[in-house]
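I sat down with this one to look up a few things and jot them down as I went. Here are my notes, entry by entry.

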Amino acid sequence: MFGREEHNARMRAAEQFDRDTKLPGKRNGALGHIGIEVLRMFLRLRGRNGGRLDPTIGWIGRQLKRARSAVADALRRLKEAGFIDWDRRTRLVDDPTSGQYVEQISSAYYLVQPPSVVQAVRRMLRRPTEAVRRIAAQLARDGKLAASDVSEIIGDVKDPALRAILEEARSSFQSANPPSGQTSALQG
């Protein structure tokens, strides 16, 4: 599930993808205008019914006032471009005259994104990439370490046994090397 702002960013990214893949002299890009309409419908539908997307091709065609074949072609282009995926579903039917058979029911659709579009959506939403998040977390840890003293760092350790070992190591280190840099044998 994602919010309305991501819904809008995904739609803008898909429209940009279609424009970027349009060849000179051609009417449509890789998705086509019907593919854009179908994707827009899916993005609107996914908020209802808990994110479930299982409309039939006929129903999509009736809602968009498009032919079944045009909708099927648009779904194929959307899948090839990496914007949707689906599972074909069937159910078992018991017919007393012809016996048992399998009937196809509506497919279950999933909204996915190609890698190039993921970056575009992230930029539109101004979300940092995973690498930027890791660097920011490391800088925050380094800043905390630079601003705190040894007692605070040892105090942040949750394991009491490890905390005791660190306290003992700190006290033995401080007794061996006083802050003046001179041991008692040299001072005398």
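In which strand is Ser107 found? I looked it up, bearing in mind that the model is predicted, and Ser107 turned out to be in strand 2.

**Entry 1: around Ser107**

I checked the cover on Ser107 next. Its relative accessible area is 9%, so I noted Ser107 as buried, the cut-off being under 20%. Then I listed what Ser107 touches, leaving out residues up to four places away in sequence. On my list are Leu53, Asp54 and Pro55, and also Trp86, Asp87, Arg88 and Arg89. I kept Asp54, Arg89 and Trp86 in mind for later entries.

**Entry 2: the whole chain**

I stepped back to see the layout. I found nine helices and two strands in the protein chain. Reading from the N terminus, I wrote the order down as α-α-α-α-β-β-α-α-α-α-α. The protein chain has 188 residues, and 27% of them count as buried. I also looked at contacts between residues at least 6 apart in sequence: 52% of these join residues at least 24 apart. The exposed area of the protein chain comes to about 13,000 Å², with carbon and sulfur atoms supplying 53% of it.

**Entry 3: aromatic pairs**

How many aromatic pairs are there? I got a count of three. In one of them, the ring centres of Phe42 and Tyr109 are 4.9 Å apart and the planes stand at 45°, so I put this pair down as tilted. Phe42 sits in helix 2 (residues 32-45) and Tyr109 in strand 2 (residues 99-111), so to speak two distant parts of the chain, 67 residues apart. I looked up the accessibility of both partners: Phe42 is buried at 0%, and Tyr109 is buried at 6%.

Tyr109 has another aromatic partner in Trp86, and that pair is edge-to-face, with 5.8 Å from centre to centre and 65° between the planes. This pair also links distant parts of the chain, since Trp86 is in strand 1 (residues 84-95) and Tyr109 in strand 2, 23 residues apart. Is Trp86 buried or partly exposed? With a relative accessible area of 24%, Trp86 is partly exposed. I drew Phe42, Trp86 and Tyr109 in my sketch as one aromatic cluster.

While I was at Trp86, I noticed a charge over its ring: Lys79 lies over the face of Trp86, 4.4 Å from the ring centre.

**Entry 4: salt bridges**

I reminded myself that side chains of opposite charge can pair when their charged atoms come close. The structure holds eight salt bridges, and I went through some of them.

Arg40 and Glu15 meet through their side chains in a salt bridge, at 2.6 Å from N to O. Arg40 belongs to helix 2 and Glu15 to helix 1 (residues 4-20), which puts the partners 25 residues apart in distant parts of the chain. Arg40 is partly exposed at 24%, and Glu15 is partly exposed at 25%.

Next I came back to two of the residues that Ser107 touches, Asp54 and Arg89. They form a salt bridge with each other, and their closest N and O atoms are 3.3 Å apart. What does this pair tie together? Asp54 lies in the loop between helix 2 and helix 3 (57-64) while Arg89 lies in strand 1, so the pair ties together parts that are 35 residues apart in sequence. I noted 23% relative accessibility for Asp54, which counts as partly exposed. Arg89 is partly exposed as well, with a relative accessible area of 25%.

The last one I followed joins Glu80 and Arg76, with 3.3 Å between the closest N and O atoms. Both residues lie in helix 4 (residues 68-81), four residues apart, which is about one turn of the helix. Glu80 is exposed, with a relative accessible area of 59%, whereas Arg76 is partly exposed at 38%.

**Entry 5: a nonpolar patch**

Which residues make the nonpolar surface patch of about 250 Å²? I found Leu162, Ile165 and Leu166 there. I picked out Leu166 for a closer look and placed it in helix 8 (residues 160-176). Leu166 has 33% relative accessibility and counts as partly exposed.

How values were computed:
Residues numbered from 1 in each chain as written. Predicted model: local features only at pLDDT ≥ 70, side-chain atom pairs only at ≥ 80, totals over all residues. Heavy atoms only, no water. Patch = residues over 30% accessible without salt bridge, like charges linked within 9 Å, V, L, I, M, F, W, Y side chains within 5 Å. Areas by Shrake-Rupley, 256 points an atom, 1.4 Å probe, with all protein chains shown as cover. Salt bridge = Lys/Arg side-chain N within 4 Å of Asp/Glu carboxyl O. Buried < 20%, exposed > 50% of the residue type's maximum accessible area, 1.4 Å probe, protein only. Phe/Tyr/Trp six-rings, centres within 6.5 Å; stacked < 30°, edge-to-face > 60°. Lys NZ or Arg CZ within 6 Å of the ring centre and 35° of its normal. Contact = heavy atoms within 4.5 Å.
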